[in-house]
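Open the model in your viewer and keep the selection panel at hand. The stops below go from one selection to the next.

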Amino acid sequence: MSMKKNSSAILGQSFQKERPYKIVGAGIAGLMTGFYLKKAGIPFSITEVSERTGGVLGTQKLKHGLAEQAANGFIWCEALQEISDELNLQIIS
C-alpha cells in the first residue's frame, strides 16, 4: 500500500491528516477509533444518537447493586496493556 504525504495508517488504511473524519457511534469501537485518530493527529468528530456513550457497554445501578450490560471484561493482550498504560488505567484481573 502506498501512502500519500501527510497521511497516517490506522488498521492498514490510509487517512489524510488534513481531512476531518466523522465517526458515527460512540460505542467502544467508535471511541477507540477516535483514540487512534487523536493519537495520529487526525481531526475527527463523533456523533452519537443516544444520550450516553459506551454503546452496549455500561453499568446500571439497581436496588440490589450494580449490574453490568454486555461485556464486562476484556481478554488481556499487549495492545490492551499499551492502551491502558497510555490512559493511566489499571487492569484488574
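How many residues does α1 have, and what distance does α1 reach from its first C-alpha to its last? Select α1, which is residues 28-39. This helix has 12 residues and reaches 16 Å between those two atoms, close to the 16 Å expected at 1.5 Å a residue. Bear in mind throughout that the model is predicted.

**The whole chain**

Zoom out and colour by secondary structure. The protein chain contains 2 helices and 6 strands, and along the sequence they follow the pattern β-β-β-α-β-β-β-α. Now colour by accessibility. Of the 93 residues in the protein chain, 20% are buried. The chain exposes about 7500 Å², and carbon and sulfur atoms supply 57% of that area. Turn on contacts next, leaving out pairs of residues that are less than 6 apart in sequence. Of the contacts that remain, 30% join residues at least 24 apart.

**Along α1**

Go back to α1 and select G30, G34, F35 and L37; these residues are buried. An α-helix has 3.6 residues a turn, so residues three or four places apart point the same way.

Stay on F35 and add Y36. The structure holds 1 aromatic pair. The rings of F35 and Y36 form it: their centres lie 5.1 Å apart and their planes stand at 80°, so the pair is edge-to-face, the label for planes over 60 degrees apart. Is each ring's residue buried or partly exposed? F35 is buried at 16% relative accessible area, because the limit for buried is under 20%. Y36, with a relative accessible area of 32%, is partly exposed.

Move just past the end of α1 and select G41. The phi of G41 is positive, at about 75°.

**From α1 to α2**

Select K39 and E86 and show their side chains. Side chains of opposite charge can pair when their charged atoms come close. Here the side chains of K39 and E86 meet in a salt bridge, 3.0 Å from N to O. K39 lies in α1 and E86 in α2 (residues 78-86), so the salt bridge ties together parts that are 47 residues apart in sequence. The count for the structure is 1 salt bridge. E86 itself is partly exposed, at 44% relative accessibility.

Remain in α2 and select S84, which lies in this helix. S84 is buried, with a relative accessible area of 7%. Which residues does S84 touch, not counting those up to four places away in sequence? Add L89 and I91 to the selection; S84 touches both.

**The strands β3 and β4**

Finish with strand β3, residues 21-24. In a regular strand the side chains alternate between the two faces of the sheet. Select Y21 and I23 to see the covered face of β3, then K22 and V24 to see the uncovered one. Add strand β4, residues 44-47, which runs parallel to β3 and is joined to it by 4 bridges. For one of the residues on the covered face, I23, the bridge partner in β4 is I46.

Definitions and conventions: Residues are numbered from 1 along each chain as its sequence is written. This is a predicted model: local features need pLDDT of at least 70, side-chain atom pairs count only at pLDDT 80 or more; totals for chains, interfaces and linings use all residues. Side-chain values use heavy atoms; hydrogens and water are left out. A salt bridge is a side-chain nitrogen of Lys or Arg within 4 Å of a carboxyl oxygen of Asp or Glu. Buried means under 20% relative accessible area, exposed over 50%, partly exposed in between (1.4 Å probe, protein chains only). Contact means heavy atoms within 4.5 Å. Accessible areas come from the Shrake-Rupley method with a 1.4 Å probe; for residues, only the protein chains shown count as cover. The expected span of a helix is 1.5 Å times one less than its number of residues. Rings of Phe, Tyr and Trp (its six-membered ring) pair if their centres lie within 6.5 Å; planes under 30 degrees apart count as stacked, over 60 as edge-to-face and the rest as tilted. Two strands pair if DSSP finds at least two bridges between them.
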